[in-house]
Amino acid sequence: MLPLLLALTACEPPLPDLAGADDQLESPSVSHDVPQAEPADLSLAGALSVSGGDGDWTLQIADPSLDPVPTLTVHSPGRADLSTLSGAQVQALLPGDWFAEHYSLLLTDAQGPLYVLDMGLHAEQANAAFGEGFVSHGEVVGAEEDETWSTWYTRVVFQTDDGAVQLLPGEVQEIRVGGLRYRAVAIAAWTREPRADAALPGCPVAEELLAYELIRVEQEVEADLVERPQGLAPATAGCL
């Protein structure tokens with residue numbers, strides 16, 4: 001795919017400046033206090049209680065198999081109102097990996113997916129919840145190069161009951177999937193490859209991002225735009 005993009009860039013006018021590094025929202029984060037020997041998938045089930053606000057939330061899930069009650073700390077770049085989920089009986093999945101923090105969280109109830117915060121590093125999680133190919137990179141809307149990397153910024157595409165919906169980072173829109181209504185927010189989306197003969201850093205792992213957030217809602221969602229708070233860096237994953 002990327003060689004084709006390079007060829008198109010070489011013979012077409014410059015891409016419109018619709019998205020770049022500064023237009024991405026900040027990284028999501030999900031942490032928990034359940035003791036683990038090493039990062040691994042964590043599954044919880046029980047009654048959910050929620051406190052906090054303005055993008056930073058504390059979730060407790062009364063899983064009867066664990067004492068004390070597990071606590072999750074969630075940062076929501078899309079400013080989802082997680083207080084609306086308090087009291088629900090949920091199953092929670094936090095995919096484990098080698099990163100210091102969990103970046104993804106899936107909450108489901110008897111109806112299906114309730115809340116998804118996905119850095120894009122666990123495609124199987126969204127595919128299992130919504131169907132294969134539910135989320136993908138959309139059209140390229142910006143490109144950057146430095147001494148090491150060539151980067152292409154894209155829209156985030158959701159496959160919905162009404163067809164494909166494409167969002168730029170920060171855009172908020174209602175989507176319907178499986179007859180359920182969700183508030184969808186694109187967080188960050190880009191693909192990247194090292195330039196020829198680039199001097200790569202000591203840990204040359206820069207994950208491609210396809211980050212987004214969904215929360216199931218009852219009321220109609222108005223189109224909106226979320227901005228990254230001043231002082232927070234754009235979303236990244238990996239080490240550079």
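## A first look around the model

The largest pocket holds about 190 Å³ of space. That figure comes from a predicted model, as does everything else here. Around this pocket sit 14 lining residues, and those nearest its centre are Ala21, Glu144, Thr151, Tyr153 and Arg192. Strand 8 (135-145), strand 9 (149-160) and strand 12 (180-194) are the elements that each give two or more residues to the lining. Strand 9 makes the largest contribution, with three residues. What is the chemical mix of the lining? Seven of its residues are nonpolar, three are polar and four are charged.

Now for the chain as a whole. The protein chain has 240 residues, and 47% of them count as buried. You can trace two helices and 16 strands along it. If you look at contacts with a separation of 6 or more, 64% of them link residues 24 or more positions apart.

How far can you trust what you see? The mean pLDDT of the protein chain is 86, and 86% of its residues reach 70 or more. Confidence is highest in strand 11 (residues 171-177), with a mean of 98, and lowest in helix 1 (residues 2-11), with a mean of 41. Residues 1-16 stay under 50 in pLDDT, and the model gives this stretch 15 contacts beyond four places in sequence.

Next, the inside. The largest nonpolar core has 42 residues, and the ones with the most contacts inside it are Leu59, Leu82, Leu105, Leu107 and Tyr115. Several strands give two or more residues to this core, among them strand 2 (42-53), strand 3 (56-62), strand 4 (71-75) and strand 14. Apart from this core lies another one, of 20 residues, including Phe130, Phe134, Val135 and Ile175.

Leucine 59 is a good place to zoom in. Leaving aside residues up to four places away in sequence, leucine 59 touches Leu48, Ser49, Val50, Pro70, Thr71, Leu72, Val74, Leu82, Leu105 and Leu107.

Helix 2 is worth a stop too. Which residues of helix 2 (residues 123-130) are buried? They are Gln125, Ala126, Asn127 and Phe130. These buried residues pack against strand 5 (89-94), strand 6 (105-109), strand 7 (112-118), strand 11, strand 12 and strand 14 (209-216). Right after helix 2 comes glycine 131, with a positive phi near 115 degrees.

Two alanines make a nice pair to look at. Alanine 235 is in the loop between strand 15 (224-225) and strand 16 (238-239), while alanine 164 belongs to strand 10 (residues 163-167). Is alanine 235 buried or exposed? Alanine 235 counts as buried because its relative accessible area is 3%, under the 20% cut-off. Alanine 164 counts as exposed because its relative accessibility is 51%, and the cut-off for exposed is over 50%.

Their surroundings are easy to list. Beyond residues up to four places away in sequence, alanine 235 touches Leu25, Glu26, Ser27, Met119, Ala188, Trp190 and Leu209. With the same neighbours in sequence left out, alanine 164 touches Val157, Phe158 and Gln159. Alanine 235 and alanine 188 are 47 residues apart in sequence, yet their C-alpha atoms are 6.5 Å apart in space. For alanine 164 and phenylalanine 134, 30 residues apart along the chain, the C-alpha separation is 9.3 Å.

Finally, some backbone details in the loops. Aspartate 67 and proline 68 are joined by a cis peptide bond, with omega at about 10 degrees. Proline 68 sits in the loop between strand 3 and strand 4. Two residues other than glycine have a positive phi, as the table shows.

| Residue | Phi | Loop | Relative accessibility |
|---|---|---|---|
| Aspartate 54 | near 55 degrees | between strand 2 and strand 3 | 67% |
| Arginine 79 | near 55 degrees | between strand 4 and strand 5 | 24% |

Aspartate 54 is exposed, because its relative accessible area is 67%. Arginine 79, at 24%, counts as partly exposed.

Key
Residues are numbered from 1 along each chain as its sequence is written. This is a predicted model: local features need pLDDT of at least 70, side-chain atom pairs count only at pLDDT 80 or more; totals for chains, interfaces and linings use all residues. Side-chain values use heavy atoms; hydrogens and water are left out. On a 1 Å grid over the protein atoms alone, a cavity is a set of points where a 1.4 Å probe fits but cannot get out, and a pocket is an open set with protein on both sides within 12 Å along at least five of seven lines; lining residues have an atom within 4 Å of a point. Grid points are joined across faces, edges and corners, and a volume is the space filled by probe spheres set on the points. Helices (H or I, at least four residues) and strands (E, at least two) are DSSP runs, numbered from the N terminus. Ala, Val, Leu, Ile, Met, Phe, Trp, Tyr, Cys and Pro count as nonpolar, Asp, Glu, Lys and Arg as charged, and the others, Gly among them, as polar. pLDDT is the predictor's confidence in each residue, from 0 to 100. Contact means heavy atoms within 4.5 Å. Buried means under 20% relative accessible area, exposed over 50%, partly exposed in between (1.4 Å probe, protein chains only). A nonpolar core is a set of buried Ala, Val, Leu, Ile, Met, Phe, Trp, Tyr and Cys residues joined through side-chain atoms within 4.5 Å.
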